[in-house]
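The exercises below ask you to read a set of local features from a protein model and to reason through each one in steps. Please look over the sequence and the structure before you begin.

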Amino acid sequence: KWFQDGQSDDTMIQSWQFPSWLANPLTPLEFFEVQKSVSPDAVYRQEYGAEFISDSGSVFTGVDDCPKLPVRIKNSIQGGTSLVHAYRLPGHAYFIGADFARLNDFSVFTVIDSATGEVVREDRCNTIAWAIQVTHLKSISEEYGNALVVADVTGLGDPIVELLGSQGVPVDPVRFATLQIKEALISKLALAIQYKRIKLLDDTMVRDELRSFVYTRTESGQLR
């Protein structure tokens with residue numbers, strides 16, 4: 001509001017808008033280039049570009065420009081669908097992001113080629129027992145060379161980790177104990193999409209979900 005007051009015809013109140021690289025001439029421009037490469041677009045524009053970002057907006061910019069990988073195989077699985085771009089390639093390492101369903105939501109298992117950044121497979125299922133989901137996840141891991149499963153176990157606790165371990169599935173459990181942890185992971189994905197470091201499946205549902213993921217502004221003015 002104070003900034004807007006300073007833009008009025010009242011000569012007693014004035015306000016200016018300068019990006020940090022003009023307001024701080026002693027700061028090397030290289031610093032801002034680094035910050036741009038490690039900050040999501042909206043965050044960089046607000047924190048360093050002195051732009052007023054709307055109270056809400058899409059977290060992931062550039063979704064439509066992100067490289068699209070064709071879905072070559074579409075299979076029906078118990079409780080859902082499996083979309084496959086490619087199966088395991090010799091010499092390639094893979095990891096699997098596992099987001100387990102809560103209530104009526106879908107569990108999603110996403111396989112990524114760590115060398116190319118390609119999402120090579122995505123399986124979705126719901127309304128099936130934990131044990132069945134874990135067994136299915138085990139089979140995916142084995143198909144991709146015993147790929148490490150990075151599992152969101154927030155709210156699920158140790159039982160799901162123990163169940164995965166009992167099946168011989170290599171697992172790295174992730175718990176969103178703080179908002180900062182979640183924001184850091186989302187920022188990494190936002191940067192990967194923004195700079196085309198990740199290649200997504202050419203699937204409407206996936207892209208619509210990314211577009212619908214929005215940030216909001218807190219009372220302190222920060223983006224969340």
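A residue is called buried when its relative accessible area is under 20%, exposed when that area is over 50%, and partly exposed when it falls in between. The model is a predicted one, and the exercises should be read with that in mind.

**Exercise 1. A patch on the surface**

Task: Determine in which helix tryptophan 21 lies, which class of exposure it has, and which residues make a nonpolar surface patch of about 590 Å².

Solution: Begin with the position along the chain, where tryptophan 21 belongs to helix α2, which covers residues 20–23. Next take the relative accessible area, which is 30% for tryptophan 21, and because this value lies between the two cut-offs the residue is partly exposed. Finally, turn to the surroundings: Trp21 contributes to a nonpolar patch of about 590 Å² together with Trp16, Phe18, Leu22 and Leu29.

**Exercise 2. The two sides of a helix**

Task: Establish which residues of helix α8 are buried, and which exposed residues sit on the face turned away from them.

Solution: Helix α8 runs over residues 204–212, and its buried residues are Val206, Arg207 and Leu210. These residues cover an arc of only 90° around the axis, and therefore they lie on the same side of α8. The face turned away from this buried side carries Thr204 and Ser212, which are exposed.

A salt bridge is also found within this helix, between aspartate 208 and arginine 211, whose closest N and O atoms are 2.6 Å apart. Both residues lie in α8 and are three residues apart, about one turn of the helix. Aspartate 208, with 40% relative accessibility, counts as partly exposed, and arginine 211, at 34%, is partly exposed as well. The pair does not stand alone, since Asp64 is linked with Asp208 and Arg211 in a network of salt bridges.

Just past the helix, phenylalanine 213 is found in the loop between α8 and β11 (214–216), and its relative accessible area of 33% makes it partly exposed. The C-alpha atom of phenylalanine 213 is separated by 5.9 Å from that of serine 58, although the two residues are 155 residues apart along the chain.

**Exercise 3. Salt bridges around strand β7**

Task: Work out which parts of the chain are tied together by the salt bridge between glutamate 143 and arginine 121, and whether each partner is buried or partly exposed.

Solution: A search of the whole structure finds six salt bridges. In one of them the side chains of glutamate 143 and arginine 121 meet, with 2.8 Å from N to O. Glutamate 143 lies in helix α5 (residues 130–143) and arginine 121 in strand β7, so the pair ties together parts that are 22 residues apart in sequence. The accessibilities of the partners are then read one by one: glutamate 143 has 37% and counts as partly exposed, whereas arginine 121 has 5% and counts as buried.

Another salt bridge joins glutamate 122 to arginine 124, with the closest N and O atoms 3.1 Å apart, and here both partners are buried.

Arginine 121 can also be placed relative to phenylalanine 109, from which it is twelve residues apart in sequence and 8.1 Å apart in space, C-alpha to C-alpha. Phenylalanine 109 lies in strand β6 and, at 0% relative accessibility, counts as buried.

**Exercise 4. The largest pocket**

Task: Find the volume of the largest pocket and the element that gives the largest share of its lining.

Solution: The volume of the largest pocket is about 1500 Å³. Its lining is made by 39 residues, of which Gly97, Asp99, Thr110, Leu185 and Leu189 are the closest to the centre. Elements that give two or more residues to this lining include β5 (94–99), β6 (107–113), α7 (179–194) and α8. The largest share comes from α7, which supplies seven residues.

**Exercise 5. Positive phi angles**

Task: Say where threonine 127 and asparagine 146 are located, and what their phi values are.

Solution: As background, most residues other than glycine have a negative phi. Threonine 127 has a phi near 55°, a positive value, and lies in the loop between β7 and α5. With a relative accessible area of 66%, threonine 127 is exposed. Asparagine 146 likewise has a phi near 55°, and is found in the loop between α5 and β8. Its relative accessible area is 53%, so asparagine 146 is also exposed.

Terms used: Residues numbered from 1 in each chain as written. Predicted model: local features only at pLDDT ≥ 70, side-chain atom pairs only at ≥ 80, totals over all residues. Heavy atoms only, no water. Patch = residues over 30% accessible without salt bridge, like charges linked within 9 Å, V, L, I, M, F, W, Y side chains within 5 Å. Areas by Shrake-Rupley, 256 points an atom, 1.4 Å probe, with all protein chains shown as cover. Salt bridge = Lys/Arg side-chain N within 4 Å of Asp/Glu carboxyl O. Helix = DSSP H or I, 4+ residues; strand = E, 2+ residues; numbered from the N terminus. Buried < 20%, exposed > 50% of the residue type's maximum accessible area, 1.4 Å probe, protein only. Arc of directions from axis to C-beta. 1 Å grid on protein atoms, 1.4 Å probe; cavity = no way out; pocket = protein on both sides within 12 Å on 5 of 7 lines; lining within 4 Å. Points joined across faces, edges and corners; volume = space filled by probe spheres on them.
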